[in-house]
Amino acid sequence: MKPLEVHCRNRVLYVRMTIDDKSMGMKDYYLYDKNGKSFYIFRRSQGEWELAYGVLAHDIKEACIDALIRRFDHDSPELFYSNGKRNVVRISVKKGGIWHIYVNNVYVASIQYDLFAKKFEYYLDDNTPLTKDHIEKYIRMIERGEIQWKKER
């Protein structure tokens, strides 16, 4: 498997890793140190990432989680920090040209394609780190096909 690219402390680390599928949406990601003897287990369960086994400095642990999110969260088009807090954006496609947007698993916005007007409209909650610029970026991603559309049956 291709190594995980971790950016931390102004360096890029290429970390050897393996994945153990635990079923029911839970996977363990084993990251190995440079000598291959020590390992750390990161786990994604119900959309949340954690260091399940091992002890790492806080900045290294967070950089590993960021790298795992960027590589393995396919429904997450963006990861950004606001006021020192990680914000993971997830977009869930629904029927009828509607997309729900979540930040850290909390609903904050929606985008809808109006078939009659042939344009996108959106709702953005007031209490969210997302901005109008974020929403417009996601609309452009939808138009380019980078975020999927759910086909009507």
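Q: Which residue follows H2, and what is the sign of its phi?
A: Gly145 follows H2, and its phi is positive, near 85°.

Q: What kind of model is this, and how are residues numbered?
A: The model is predicted: local features need pLDDT of at least 70, side-chain atom pairs count only at pLDDT 80 or more, and totals for chains, interfaces and linings use all residues. Residues are numbered from 1 along each chain as its sequence is written, and side-chain values use heavy atoms, without hydrogens and water.

Q: What makes a stretch a helix or a strand, and how many of each does the chain have?
A: Both are DSSP runs, numbered from the N terminus: helices are H or I over at least four residues, strands are E over at least two. The chain has two helices and eleven strands. From the N terminus on, they run β-β-β-β-β-β-α-β-β-β-β-β-α.

Q: How do you know that the length of H2 agrees with a helix?
A: The expected span is 1.5 Å times one less than the number of residues. H2 covers residues 132–144, which is 13 residues, so the helix should span 18 Å. Its end C-alpha atoms are 19 Å apart, which agrees.

Q: Which residues of H2 are called buried, and which are exposed on the other side?
A: Buried means under 20% relative accessible area, exposed over 50%, and partly exposed in between, with a 1.4 Å probe and protein chains only. His134, Ile135, Tyr138, Ile139, Met141 and Ile142 are buried in H2. They cover an arc of only 160° around the axis, which puts them on the same side of H2. That arc is taken from the directions from the helix axis to the C-beta atoms. On the other side, Asp133, Glu143 and Arg144 are exposed.

Q: What covers the buried residues of H2?
A: The cover includes S7 (78–82), S8 (85–94), S9 (98–103), S10 (106–114) and S11 (119–124).

Q: Why are S3 and S4 called paired?
A: Two strands pair if DSSP finds at least two bridges between them. Six bridges join S3 to S4 (residues 26–32), so the two strands pair, and they run antiparallel. Met17 has Leu31 in S4 as its bridge partner.

Q: What makes S3 and S6 edge strands?
A: Four strands form an open sheet in the order S3-S4-S5-S6, with antiparallel pairing. S3 (17–23) and S6 (48–53) each pair on one side only.

Q: How much of the chain counts as buried?
A: Of its 153 residues, 36% count as buried.

Note on methods
Contact means heavy atoms within 4.5 Å.
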